[in-house]
Amino acid sequence: MSSDYHNLPVINGRTQKNGRKYTAAPMKTGKLYAETDIAGAYGYESDFPCHWIRRLSIDGGTVEITDRFDCPTENTRLHYITRELPEITGNRLIFSCGVTAELIGIGNIYAEELNLTCENPPDGIKGDAENRHPDPHSLLIPRLLEKQWGQKSLWRIVCTPICGETVLKIYPH
């Protein structure tokens, strides 16, 4: 499955690579945090030194996802997959479930609908517009996601970082 369907960045146009040699660094954990360098999962260690530290922390009722990176930022974007289309107001995403997500260090923010149905795929080998893998198994991915999520579409929130650190704060409103 493409990492475009995960809460992962696209780094300088690269998605996470497949295979055992492409892995994140060992995770460091504490009582209320976990962090790892995910750049190795994109093949950057073999090209040139690059780091992308992703940290998840909890402080009271707030969850924070912090990304610190020195990787190329051209054509870099963060993806967050959600069940519903939030109201996008400035740097805030407001969800009907009573949760707000505030994005810091982000320029452009927009939402894309991910259709999880495969109706009439051309030549029987392609899925929807988001799933263009040229193998028959690609037809199963949207159906599996539809079954797992219990709905016919998801939303990908796409954010463009403006600096080497971004923070996503999630809290009740």
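Start by selecting Thr-89 and Arg-92: in this predicted model, Arg-92 of β7 is the bridge partner of Thr-89. Now widen the selection to the two strands around them. β6 and β7, the latter covering residues 92-94, run antiparallel and pair over three bridges.

**Out to the whole sheet**

Next, colour the strands and follow the sheet across. You are looking at an open sheet of eight strands, in the order β1-β2-β3-β4-β11-β8-β7-β6, with antiparallel pairing. Its edges are β1 (28-30) at one end and β6 (87-89) at the other, and each of these pairs on one side only. Turn the view as you go: from one strand to the next, the twist averages 15°. Strands of a sheet pair through backbone hydrogen bonds, so switching those on is a good way to trace the order.

**Back to Arg-92**

Keep Arg-92 selected and add Glu-102. Their side chains meet in a salt bridge, 3.8 Å from N to O. Glu-102 lies in β8 (residues 99-104) and Arg-92 in β7, 10 residues apart. Which of the two is buried, and which partly exposed? Glu-102 counts as buried because its relative accessible area is 17%, under the 20% cut-off. Arg-92 has 34%, so this residue is partly exposed.

**Across to β3 and β4**

Now select Asp-67 and Arg-54. Here the salt bridge spans 2.8 Å, N to O. The pair links distant parts of the chain: Asp-67 sits in β4 (residues 62-69) and Arg-54 in β3 (residues 52-59), 13 residues apart. Show the surface and look for them. Asp-67 is buried, at a relative accessible area of 0%, and Arg-54 is buried as well, at 14%.

**One residue along β4**

Stay on β4 and pick Arg-68, then add Glu-165. Their side chains form a salt bridge of 3.2 Å, N to O. How many residues separate the two along the chain? They are 97 residues apart, with Arg-68 in β4 and Glu-165 in β11 (residues 165-172). With the surface still on, check both ends of this pair: Arg-68 is partly exposed, with 39% relative accessible area, and Glu-165 is partly exposed too, with 36%.

**Last stop**

Zoom out to the full model. A search of the whole structure finds six salt bridges, among them the Asp-67 to Arg-54 pair, the Arg-68 to Glu-165 pair and the Glu-102 to Arg-92 pair. Side chains of opposite charge can pair when their charged atoms come close.

Terms used
Residues numbered from 1 in each chain as written. Predicted model: local features only at pLDDT ≥ 70, side-chain atom pairs only at ≥ 80, totals over all residues. Heavy atoms only, no water. Pairing = 2+ DSSP bridges. Helix = DSSP H or I, 4+ residues; strand = E, 2+ residues; numbered from the N terminus. Axes fitted to C-alpha atoms, helices over the stretch in contact; angles between N-to-C directions. Salt bridge = Lys/Arg side-chain N within 4 Å of Asp/Glu carboxyl O. Buried < 20%, exposed > 50% of the residue type's maximum accessible area, 1.4 Å probe, protein only.
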